[in-house]
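Welcome, and thanks for bringing your viewer along. Keep the selection panel open, and we will go from stop to stop together.

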Amino acid sequence: MASNPNRRTANIVRNTNETKIQLALSLDGGPLDLLPPTAEFANHNPQYEDSKPVPPECQDTKTHASQISNLQHIWIWTGIGFLDHMLHAWAKHAGWSLRIRCRGDLAIDDHHTTEDTFLALGTAFTTALGSRTGLARFGYAYAPLDEALSRAVLDISSRPFFVGDFGFQGPMMGQLNTQMIHHGLGSWAQNAGVTLHVDVLKGENDHHRAESAFKALAVACRGACERVVGREGEVVSTKGVL
């Protein structure tokens with residue numbers, strides 16, 4: 001990947017006994033190098049036989065959550081299809097480039113994989129953001145999806161806090177427990193160092209409710225991360241520090 005000092009990027013490796021995660025993020029889009037090969041992501045490593053489906057070895061393989069263009073590189077594989085779908089929507093509408101692959105203990109359930117993916121993404125977000133100077137800091141957005149409507153409000157405050165109201169009617173969406181959307185976004189806010197409120201205001205279909213929430217979050221992130229011309233180096237806080 002060509003060096004560009006104006007692009008805010010991060011590369012994260014997060015390995016525990018429960019999950020192995022590689023992640024690359026650019027808050028400003030553009031190309032991303034392929035995630036480097038490791039033993040954890042060898043397709044036939046018997047140590048991880050309980051974490052199928054196995055991420056494709058070739059990251060140029062088109063998957064259900066991949067989209068490569070001159071403006072954005074998005075390639076996501078966690079083993080949980082609905083989680084991949086939400087992360088894809090988030091990255092796309094935030095203007096990010098994002099590569100993620102995760103091998104988690106899905107033989108148990110979706111909890112550790114979801115939680116750790118959001119924690120890694122939060123770490124990548126705050127790492128890529130850097131000094132937090134010269135930013136708009138606040139972002140908010142509404143996003144509809146058919147009958148569903150969601151609102152997201154974000155403050156890059158260094159005061160981690162999350163409030164979410166989703167009103168899901170069912171316990172699962174695909175292989176993702178609906179509780180994990182709330183828990184996952186709370187985990188992201190914690191590691192990202194942001195205050196985040198996400199509310200689904202209306203909607204009958206749980207898929208639509210979730211996707212409208214992630215799209216609203218994406219647009220709010222894009223606004224909050226915007227660099228304001230003339231504010232370079234300024235801390236946007238009366239405290240003088242974020």
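**Stop 1: a pair of helices**

Start by selecting residues 179-192, helix α3, and residues 206-224, helix α4; their axes lie 12 Å apart and the helices pack at an angle of about 15°. With the cut-off for roughly parallel set at under 35 degrees, α3 therefore counts as roughly parallel to α4. Look also at the handedness: α3 and α4 cross in a right-handed sense. Now show side chains. From α3, Ile 181, Leu 185 and Trp 188 take part in the contact, and from α4 the partners are Ala 210, Phe 214, Leu 217 and Cys 221. If you colour this contact by class, you will get 7 nonpolar residues, with no polar and no charged ones.

Please keep in mind as you go that this is a predicted model.

**Stop 2: another pair of helices**

Next, select helix α1, residues 81-94, together with helix α2, residues 111-129. Their axes are 12 Å apart, and the packing angle is about 20°. That angle makes α1 roughly parallel to α2. The crossing of α1 and α2 is right-handed. Which residues should you show as sticks where α1 and α2 meet? Pick Leu 83, Leu 87 and Trp 90 on the α1 side, then Thr 114, Thr 117, Phe 118 and Leu 121 on the α2 side. Sorted by class, this contact of α1 with α2 has 5 nonpolar and 2 polar residues, and no charged ones.

**Stop 3: the aromatic rings**

Time to show the rings. How many aromatic pairs does the structure hold? There are 8. For one stacked example, zoom in on Phe 166 and Phe 168: the ring centres are 5.5 Å apart and the planes meet at 5°, so this pair counts as stacked. Switch on a surface and check these two again, as Phe 166 and Phe 168 are both buried.

Then select Trp 90, Trp 96, Phe 118, Phe 125, Trp 188 and Phe 214 together; ring pairs link these residues into a cluster. Some of the names are familiar from the earlier stops: Trp 90 and Phe 118 belong to the contact of α1 with α2, while Trp 188 and Phe 214 belong to that of α3 with α4.

**Stop 4: Arg 99 and its surroundings**

Move on to strand β5, residues 97-104, and pick out Arg 99. Is Arg 99 buried or exposed? Its relative accessible area is 2%, so Arg 99 is buried. Leaving out residues up to four places away in sequence, Arg 99 touches Gln 22, Leu 23, Ala 24, Leu 32, Asp 33, Leu 34, Leu 35, Gln 59, Ile 68, His 73 and Trp 75.

From that list, select Asp 33, which sits in the loop between β2 (19-26) and β3 (66-68). Asp 33 has a relative accessibility of 42% and therefore counts as partly exposed. Try a C-alpha to C-alpha distance from Asp 33 to Arg 99: they are 8.9 Å apart in space and 66 residues apart in sequence.

**Stop 5: Thr 63**

Stay in the loop between β2 and β3 and select Thr 63. Its relative accessibility is 12%, so Thr 63 counts as buried. Beyond residues up to four places away in sequence, Thr 63 touches Pro 56, Trp 75, Ile 76 and Trp 77. To finish, draw a C-alpha to C-alpha line from Thr 63 to Gly 170: it spans 26 Å, with 107 residues separating the two in sequence.

Conventions:
Residues numbered from 1 in each chain as written. Predicted model: local features only at pLDDT ≥ 70, side-chain atom pairs only at ≥ 80, totals over all residues. Heavy atoms only, no water. Axes fitted to C-alpha atoms, helices over the stretch in contact; angles between N-to-C directions. Helix = DSSP H or I, 4+ residues; strand = E, 2+ residues; numbered from the N terminus. Parallel < 35°, antiparallel > 145°, perpendicular 65-115°, else oblique. Left-handed = near helix turned anticlockwise from the far one by under 90°. Contact = heavy atoms within 4.5 Å. Nonpolar A, V, L, I, M, F, W, Y, C, P; charged D, E, K, R; others polar. Phe/Tyr/Trp six-rings, centres within 6.5 Å; stacked < 30°, edge-to-face > 60°. Buried < 20%, exposed > 50% of the residue type's maximum accessible area, 1.4 Å probe, protein only.
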